[in-house]
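Biologist: Mind walking me through this one? I'd like to hear the reasoning behind the labels.

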Amino acid sequence: MKDIALGIAHTAYNTPQMDKMLDFYCTKLGFKHAFTLKDDKGNDWIQYIKLADNTFIELFYSTPEKIKNGDSRYHHLCIRVNDINAVADYLKSKDIAITSGPSVGKDKNSQCWCADPDGNKIEFMCVSSESPQANA
């Protein structure tokens with residue numbers, strides 16, 4: 001797996017206060033708002049903050065009710081890889097259940113998902129040259 005992994009692509013959080021989060025990361029800390037992903041209905045779904053080349057924070061829109069009812073503020077960790085099919089093969093070889101993928105996401109990147117023993121979601125992502133991340 002170490003030959004496939006390229007680094008952490010992003011860490012993701014749910015937030016019921018998007019404006020304050022964007023102000024904190026972009027205005028106060030000085031990071032750049034990179035882009036917004038929309039859901040299937042055209043609504044803002046995820047805000048991307050660029051920390052450095054190929055490294056982002058994903059902020060998912062949430063509500064106080066969802067957080068109160070068990071949605072963690074932590075959403076997932078994403079590890080950037082160079083071959084999504086090799087990741088899937090590796091996970092299978094280690095008897096790690098793939099919870100989703102390999103597939104292509106709304107951002108045009110290939111992805112595959114699993115969970116660690118505590119149930120924390122892990123996304124493996126192979127960045128497409130056509131994706132907003134590659135062009136941010």
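**Helix, cysteines and a serine**

Modeller: Sure. In this predicted model, glycine 30, just after α1, takes a positive phi of about 85 degrees.

Biologist: What makes cysteine 26 buried?

Modeller: Its relative accessible area is 18%, and buried means under 20%, so cysteine 26 counts as buried.

Biologist: Which other residues of α1 are buried, and which are exposed?

Modeller: In α1, residues 18-28, Met18, Met21, Leu22 and Tyr25 are buried along with Cys26. Down the helix axis, the buried residues fall within an arc of 100 degrees, so they line one face of α1. Asp19, Lys20, Thr27 and Lys28 are exposed on the other side.

Biologist: What do the buried residues of α1 pack against?

Modeller: Strands β1 (5-15), β2 (32-38), β3 (44-52) and β4 (55-61).

Biologist: How do you know that cysteine 26 is in no disulfide?

Modeller: A disulfide needs two cysteine sulfurs within 2.5 Å, and the count by that rule comes to zero. For cysteine 26, the nearest cysteine sulfur, that of cysteine 78, is 19 Å away, so the pair fails the 2.5 Å cut-off. For cysteine 126, the nearest is again that of cysteine 78, 11 Å away, so there is no disulfide there either.

Biologist: What makes the pairing of serine 128 and glutamate 130 a polar contact?

Modeller: A polar atom of the serine 128 side chain lies 3.0 Å from the backbone nitrogen of glutamate 130. The cut-off is 3.5 Å, so the distance is within it. Serine 128 sits in the segment after β8 (121-126). Leaving aside neighbours within four places in sequence, serine 128 is in contact with Lys108, Asn109 and Ala134.

Note on methods:
Residues numbered from 1 in each chain as written. Predicted model: local features only at pLDDT ≥ 70, side-chain atom pairs only at ≥ 80, totals over all residues. Heavy atoms only, no water. Buried < 20%, exposed > 50% of the residue type's maximum accessible area, 1.4 Å probe, protein only. Helix = DSSP H or I, 4+ residues; strand = E, 2+ residues; numbered from the N terminus. Arc of directions from axis to C-beta. Contact = heavy atoms within 4.5 Å. Polar contact = N/O pair within 3.5 Å; in protein donor to acceptor, adjacent residues only side chain to side chain.
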